[in-house]
Amino acid sequence: MLQKHHFIFKTTHAMTKPFSQACENNKAPILVHLKRYFSGISQVLEIGSGTGQHSVYFAQHLPHLRWQTSDLNAHHHGILQWHLDAKLENVLPPITLDLNHPWPVDHVEAIFTANTLHIVSRPLVEHFFKGIKLHLIPGGLVGIYGPFKYQGHFTSESNQHFDTMLKAHDPKSGIRDSEWIETLARQAGLSLLEDISMPANNRLLFFQKTLSEKP
């Protein structure tokens with residue numbers, strides 16, 4: 001299964017739609033770097049769109065590209081509420097994407113995911129990169145946002161507490177080692193372009209698929 005960060009619900013325009021404070025806090029810092037890396041991209045597949053907040057915000061500020069949302073069916077209604085309010089032509093309705101199953105896409109130029117790899121199990125993280133290997137075009141870009149460990153160590157005490165909370169809720173979840181993520185990325189034909197320090201002890205990793213690798 002693919003699930004997003006925890007969120008609450010709020011009422012807007014007489015409709016109930018989900019709201020994530022984490023998305024609200026991190027969207028602007030993430031956008032700064034998406035503008036750099038996705039400037040020449042025409043379409044992005046977002047894995048685990050969650051509430052839908054990121055898709056609307058990024059589509060508003062990156063009007064040159066089409067933002068394809070995806071998640072489990074249970075999250076589609078909330079995502080569509082954000083899309084209906086925003087009325088944007090370049091944000092696309094969610095497709096059903098479950099990391100347990102083949103992806104319902106052909107070839108994609110770029111992939112973005114935020115706050116997912118520490119929520120899903122280790123086997124599903126592996127499936128995520130196998131999907132990238134199958135579907136990302138040569139030269140394609142991948143952006144991954146979230147907390148990571150380095151050489152087995154947490155980058156902050158708050159991240160360690162967060163990891164404990166995650167595992168109490170689901171023992172299969174947890175903050176991942178960046179070295180393991182980079183190993184999976186190399187196996188998928190990706191090269192690390194940049195590992196960026198972000199607010200709230202998070203990181204933003206950008207990878208590119210080598211031109212010799214084919215989907």
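Here's a quick tour of one helix, its neighbours and a few unusual backbone angles. Keep in mind that the model is predicted. The main character is α6, a helix that covers residues 178-187. Its partner is α4, made of residues 122-135.

**How α4 and α6 meet**

- The axes of these two helices come within 9 Å, and they cross at roughly 35°.
- If you're wondering about handedness, the crossing of α4 and α6 is right-handed.
- On the α4 side, the contact is made by R122, V125, E126, F129 and K133.
- On the α6 side, look for W180, I181, L184, A185 and Q187.
- Sort the residues of this contact by type and you get six nonpolar, one polar and three charged.

**The two faces of α6**

- Which residues of α6 are buried? They are S178, W180, I181, L184 and A185.
- These buried residues sit on the same side of α6, because they cover an arc of only 160° around the axis.
- There's a handy rule behind patterns like this: an α-helix has 3.6 residues a turn, so residues three or four places apart point the same way.
- Turn to the face that points away from the buried side, and you'll find the exposed residues R186 and Q187.
- What lies over the buried residues of α6? The cover includes α4 along with the strands β8 (148-149), β9 (176-177), β10 (190-198) and β11 (202-209).

**A closer look at S178**

- S178 belongs to helix α6.
- It counts as buried because its relative accessibility is 2%, and the cut-off for buried is under 20%.
- Leaving out residues up to four places away in sequence, S178 touches F148, K149 and Y150.

**Backbone angles to spot**

- Some background first: most residues other than glycine have a negative phi.
- N115 goes the other way, with a positive phi near 55°.
- You'll find N115 in the loop between β6 (108-114) and α4.
- Q151 isn't a glycine either, yet its phi is positive, at about 55°.
- Its place is the loop between β8 and α5 (157-169).
- Is N115 buried or exposed? With a relative accessible area of 8%, N115 is buried.
- Q151, at 68% relative accessibility, counts as exposed.
- After α6 comes G189, which has a positive phi near 85°.

Note on methods: Residues are numbered from 1 along each chain as its sequence is written. This is a predicted model: local features need pLDDT of at least 70, side-chain atom pairs count only at pLDDT 80 or more; totals for chains, interfaces and linings use all residues. Side-chain values use heavy atoms; hydrogens and water are left out. Axes are lines fitted to C-alpha atoms, for helices over the stretch in contact, and angles run from 0 to 180 degrees between N-to-C directions. Helices (H or I, at least four residues) and strands (E, at least two) are DSSP runs, numbered from the N terminus. A crossing is left-handed if the near helix is turned anticlockwise from the far one by less than a right angle, and right-handed if clockwise. Contact means heavy atoms within 4.5 Å. Ala, Val, Leu, Ile, Met, Phe, Trp, Tyr, Cys and Pro count as nonpolar, Asp, Glu, Lys and Arg as charged, and the others, Gly among them, as polar. Buried means under 20% relative accessible area, exposed over 50%, partly exposed in between (1.4 Å probe, protein chains only). The arc is that of the directions from the helix axis to the C-beta atoms.
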